[in-house]
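Open the model in your viewer and show it as a cartoon. This tour goes from the whole chain to single residues.

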Amino acid sequence: MSEAHRSSRAWRNLARARVQLGKAADEPCAVCGGAIDYQLSGRHRDGPTADHPEMLMLGGELLPPVGELRVAHRHCNGRHGARVAGKVRARRQQANTPLRY
């Protein structure tokens, strides 16, 4: 059986379920704290997306329990990931530097 990945059906179903929970509770963005318009598509920059509690590149679990996922705007989720990825790349270039977050 193939390994799960971000474009897998299992991830899409889990992310969809988490967004629906956020919609029912009218949760704000976990990154910026702003209101999320749950009527927008998840592909819209202000639309809702599921965010991992620990980044995958830092060893986070791809399919954590639905309650551990957070809801965020698409652009907040992407911006947060890019910022941390830049820090990780910079630190990996320095030999034997431990990662601290």
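What share of the contacts in the protein chain with a separation of 6 or more comes from residues 24 or more positions apart? The figure is 58%. Keep in mind that this is a predicted model.

Start with the whole chain. Colour by secondary structure: two helices and two strands appear. From the N terminus, the order is α-β-β-α. Now switch on the surface. About 6800 Å² is accessible, and carbon and sulfur atoms hold 49% of that area. Of the 101 residues, 30% count as buried.

Next, select residues 9-25. This is helix α1, with 17 residues. From first C-alpha to last, α1 reaches 25 Å, close to the expected 24 Å. Show the side chains of W11, L14, A15, R18, V19 and G22, the buried residues of α1. They sit on the same side of the helix, because their arc around the axis is only 135°. Follow them outward: they pack against β1 (48-51) and β2. Rotate to the face turned away from the buried side, and find the exposed residues R9 and A24. Then step past the helix to D26, where phi is positive, near 50°.

Now select strand β2, residues 70-73, and pick H73. Is H73 buried or exposed? Its relative accessible area is 6%, so H73 counts as buried. Display its surroundings. Leaving out residues up to four places away in sequence, H73 touches C29, C32, G34, A35, I36, R45, D46, G47 and T49. Finish at A35: its backbone oxygen lies 2.9 Å from a polar atom of the H73 side chain.

How values were computed:
Residues are numbered from 1 along each chain as its sequence is written. This is a predicted model: local features need pLDDT of at least 70, side-chain atom pairs count only at pLDDT 80 or more; totals for chains, interfaces and linings use all residues. Side-chain values use heavy atoms; hydrogens and water are left out. Helices (H or I, at least four residues) and strands (E, at least two) are DSSP runs, numbered from the N terminus. Buried means under 20% relative accessible area, exposed over 50%, partly exposed in between (1.4 Å probe, protein chains only). Contact means heavy atoms within 4.5 Å. Accessible areas come from the Shrake-Rupley method with a 1.4 Å probe; for residues, only the protein chains shown count as cover. A polar contact is a pair of N or O atoms within 3.5 Å; within protein, one must be able to donate a hydrogen and the other to accept it, and residues adjacent in sequence count only if both atoms are side-chain atoms. The expected span of a helix is 1.5 Å times one less than its number of residues. The arc is that of the directions from the helix axis to the C-beta atoms.
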